Amino acid sequence: MTAEDPTATDPGWVDEILFAGRSTDICLRLPEPIDRATLHRLVTAAQGRLVTAGLRPGGAAALRLPPSLAYVVNLLATWRAGAQAILLDHRLTDHEVDRALARLTPQVVVAPIRSGDGALKIFVDVTEGVTPYAGRPAVSGHAVIQLSSGSTGPFKVIGRTAPDLVAEVRRYTQIDGVALPGERIILLPSMVHVLGLVGGLLYGLHAGVELVPPQRLSGDAVLAAVAADATPATVLGVPFHIGLLASTRPAGPLPQLRRMTTGGELVPAAVARAFTDRYGVPLGNMYGMTEVGVIGTDLHGAHRPSIAPAPGIEVRESGGELWVSCPASPYVGLSDPTRWADGWLHTRDAGTVDPDTGLVTVRGRLDSQVSVGGMKVDLTEVEASIAELPGVAATVVVWDDGITAYVQPDGPLSEETLDKLLAERLAGYKRPRVLRLLDRLPRTTTGKLVRSTDALRSAASS
């Protein structure tokens with residue numbers, strides 16, 4: 001990469017955007033407070049370890065770490081080294097990680113050597129190790145690479161430049177209803193994914209908002225985190241977390257709680273009502289994608305289920321699909337005009353844009369992507385993984401109150417064996433909740449596999 005390359009990773013943005021401010025300000029509370037000076041010192045030390053292991057400007061580091069101080073430190077250290085950060089969800093199997101590493105060829109891999117008990121914990125105590133992997137430059141000049149299930153292969157590789165991340169951080173500062181300097185974000189979503197990464201970590205560091213992951217993933221622990229300090233608090237999560245809090249009765253008043261903001265799939269109206277009835281604060285809605293970050297918001301809950309486009313973002317409807325302004329393709333190694341073309345990202349979300357108000361209403365997915373506990377899963381990826389297994393002739397994967405796989409064996413095959421094979425290849429949240437073996441899958445007159453849930457149920461029961 002050269003200095004003229006507009007996508008080159010310039011390390012100066014980390015100190016300028018994320019470390020500006022008073023050195024004594026608390027950035028993270030884990031539960032011990034981590035101030036800006038301490039975080040900067042930890043990042044500088046980690047940067048030295050990464051460089052010693054072989055990371056170079058223009059290279060890449062793959063981070064296979066659970067949410068932890070180690071993850072935050074190594075992410076920022078990678079960027080300060082002028083390198084690309086490849087974010088690998090710690091729940092991915094070795095098989096999935098190996099495929100990603102072979103495709104993306106990082107110079108180093110950062111993974112846990114030892115970790116504490118992570119059961120139901122939001123942040124885990126991790127001791128990490130750095131291992132050299134490949135000596136080649138990064139596959140692109142993006143600052144961050146994230147993997148997202150996609151219909152064109154095992155996963156989509158999504159890249160975002162440093163200027164793109166900075167623009168989104170600044171976009172957050174213009175959104176009415178976000179946590180303000182001196183306030184707190186009770187952080188529930190993973191920082192490997194865009195909501196927790198930019199809406200939580202990067203915005204919090206830039207704006208001087210304290211990030212507070214609860215001690216455990218429980219309603220009581222979230223409320224305890226809110227009550228632990230007198231400063232105003234915003235809970236950031238996904239619809240799963242709304243249900244968790246809606247079913248938890250607070251021990252007393254929570255004047256610190258200003259609102260909850262949720263991203264991810266659509267929130268059922270009944271769940272939204274249960275939350276607002278219980279806590280009497282706004283339930284804000286946020287719509288975004290890994291490819292572009294935050295697209296629109298309704299943080300005061302005034303337009304539910306609609307949202308207003310975020311500052312600088314244009315949304316339009318084309319043939320019932322929502323398109324979002326996106327100057328350059330976010331995909332790495334993928335040229336698909338059905339996903340991005342001529343400055344527009346095709347979201348594959350059904351929706352409408354009100355011509356008078358500009359409000360956007362998201363109706364749901366046009367394609368096969370579903371959400372499991374706030375994690376996006378593309379059913380075609382699950383289907384492809386099953387189809388690759390020995391003993392499988394054909395398969396159809398559908399959403400039927402959970403991921404359900406209908407499988408036509410090619411020889412001896414049991415559900416137990418199938419489940420064991422999938423456990424080696426797919427993260428737990430991607431694996432089918434129900435496996436059904438059929439002698440023959442139903443097909444159309446032209447030979448195509450039938451994907452009707454009713455037809456598949458009928459075939460399985462006959």
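Trainee: Which residue is the bridge partner of Val108 in β6?

Mentor: In this predicted model, where residues are numbered from 1 along each chain, the partner of Val108 in β6 is Pro132. Local features need pLDDT of at least 70, side-chain atom pairs count only at pLDDT 80 or more, totals for chains, interfaces and linings use all residues, and side-chain values use heavy atoms, without hydrogens and water.

Trainee: What makes β5 and strand β6 (residues 126-132) a pair?

Mentor: Two strands pair if DSSP finds at least two bridges between them; seven bridges join β5 to β6, which run antiparallel, so the definition is met. Strand β3 (residues 60-63) and β5 (residues 108-115) run parallel and are joined by three bridges, with Ala61 opposite Val108.

Trainee: Why is Arg259, which is buried, said to have no salt bridge?

Mentor: A salt bridge is a side-chain nitrogen of Lys or Arg within 4 Å of a carboxyl oxygen of Asp or Glu, whereas Asp176, the nearest side chain of opposite charge, is 6.4 Å away from Arg259, so the criterion is not met. Buried means under 20% relative accessible area (exposed is over 50%, partly exposed in between, with a 1.4 Å probe and protein chains only).

Trainee: What makes the approach of Arg259 to His300 a polar contact?

Mentor: The term requires a pair of N or O atoms within 3.5 Å, one able to donate a hydrogen and the other to accept it, and the side chains of Arg259 and His300 are joined at 3.1 Å. A polar atom of the Arg259 side chain also lies 3.1 Å from the backbone oxygen of Gly177.

Definitions and conventions. Lys, Arg positive; Asp, Glu negative; His and termini not counted. Helix = DSSP H or I, 4+ residues; strand = E, 2+ residues; numbered from the N terminus.
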